[in-house]
Amino acid sequence: MSLVGTCFPPRQRYRAVFLLMCYAAACATAPAPAHSQSNANKTSERAQLRDSVRAILTRAQTDSAFPGAYAVVGTRDVILVEDSVGHLDWDPSAVPDEHSLWDLASLTKVVGMTTAMMQLYEQGKVSLDAPLQRYIPEWQGPHKDLVTIRHLITHTSGLPAFKAYDQQTHDPDSLAKLMFSTPLDTLPGVRMVYSDIGAYMLGRLVERLCGETLDQYVLNHVFRPLGMNETMYRPPASLKPRIAPTEIDPIRGGKVWGVVHDERAYYLGGVSAHAGIFSSAHDLARFARMYLNNGTLDGVRILRPETIELFTTRQVQDRALGWQKPDGSNSAGHLMSERAFGHTGFTGTSIWIDPARDVFVILLSNRVNPTRTNMKIGRVRVALADAVMSTMARSPLPVQSFHP
């Protein structure tokens, strides 16, 4: 017998049954709790992101934009989506995963050199508006006394984009001397010219200020503290099966695989501030999360929040200090905020971080395999960034202060 039947006389029993029926109906039609709706929204958002990322990568690989690629999208706390397409090579090879290793090319400039410069700035070892000659007096030449650290890190130093010194010598010492002695093309500050040689000089500055080689500095002060154990210059031969090959280069004996693609960095011995770092999606996601967490990850501080804010603020055109900024025509796409910052790599890599939306977008590919003439990666980067940001824009902005 029911509880209603045993506890109430007949008249009250009918009234109790009626009230219970009304209550049950109300429960059935009541809106879901706010937290349930929030969880449903998050699930739907992730599903949309996953479908969008998969569709973009699949179309690109079908279009031969690259033999394989890996994309990861996340926030300061979690990975939202990660997916891969294709294989590490057009020949039979492994499917890319989060631990595959990619030649980062110019992502080396921000993952390594710029982060190192940020740390040295925090420590008071370098002033952005000091001339480079204050720290490296032997860097001489017409008007070089006018070149400041800020000029170098915003690509306004007057140095050329690059010189084909690798066609003059393959000796590391001779190549280093040529890079070091490169004359200015213009007075500093006159124009912005993206310069590998300027980045190379900043790498020399890091070594001069810290007393370590560049590769040892970033390993000891950035990669190891962040748990980026798959990020390195000059990966050992044992890791070659996990590394995505790049271009076919007859001068270097065929397929460039397991060594840096950039010719100048290669003949410098594999270590330079402008190129040379290999990394994985797993590690770069940790790197991006550190920036979104105001310079810390898992209790380890790499940078101060105010340093991140300074170095990611627009300085000239689409350049911050080391970092690139959205301008409506670059790989950031059309929807990232003014606070966003990122960079690309010649081999087919890119990273964008937008603190205003608490999101990062990483794309790792080897689009130069088998040839650098394949330029389809540009459209893929934009499509991916726009797809992610349009999906994220449908959810409320996270409540996040830039300072802890």
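**A walk from His-99 to a surface patch**

His-99 has a relative accessible area of 30%, so this residue counts as partly exposed; the cut-offs here are under 20% for buried and over 50% for exposed. Keep in mind as you look around that this is a predicted model.

To find His-99, look in the loop that runs between strand S2 (79-86) and strand S3 (102-103). Leaving aside residues up to four places away in sequence, His-99 touches Glu-230, Arg-242, Ser-280 and His-282. Take Glu-230 from that group: along the chain, His-99 and Glu-230 are 131 residues apart, yet their C-alpha atoms are separated by 7.5 Å.

Next, follow the chain to helix H4, which covers residues 107-122. Here 15 of the 16 residues are buried, so H4 is largely enclosed by the rest of the structure. How far apart are the end C-alpha atoms of the helix? They are 22 Å apart, and that agrees with the 22 Å that 16 residues should span at 1.5 Å a residue. H4 also has a kink of about 30°, and Met-113 is at its centre. After H4 comes Gly-124, with a positive phi near 75°.

Our last stop is Leu-146, in the loop between helix H5 (132-135) and helix H6 (149-153). Is Leu-146 buried or partly exposed? Its relative accessibility is 43%, so Leu-146 counts as partly exposed. On the surface, Leu-146 joins Leu-187 and Val-190 in a nonpolar patch, and together the three have about 260 Å² of accessible area.

Notes. Residues are numbered from 1 along each chain as its sequence is written. This is a predicted model: local features need pLDDT of at least 70, side-chain atom pairs count only at pLDDT 80 or more; totals for chains, interfaces and linings use all residues. Side-chain values use heavy atoms; hydrogens and water are left out. Patches are made of residues with over 30% relative accessible area and no salt bridge: like charges are joined within 9 Å, nonpolar side chains (Val, Leu, Ile, Met, Phe, Trp, Tyr) within 5 Å. Accessible areas come from the Shrake-Rupley method with a 1.4 Å probe; for residues, only the protein chains shown count as cover. A salt bridge is a side-chain nitrogen of Lys or Arg within 4 Å of a carboxyl oxygen of Asp or Glu. Helices (H or I, at least four residues) and strands (E, at least two) are DSSP runs, numbered from the N terminus. Buried means under 20% relative accessible area, exposed over 50%, partly exposed in between (1.4 Å probe, protein chains only). The expected span of a helix is 1.5 Å times one less than its number of residues. The bend at a residue is the angle between axes fitted to the seven residues ending there and the seven starting there. Contact means heavy atoms within 4.5 Å.
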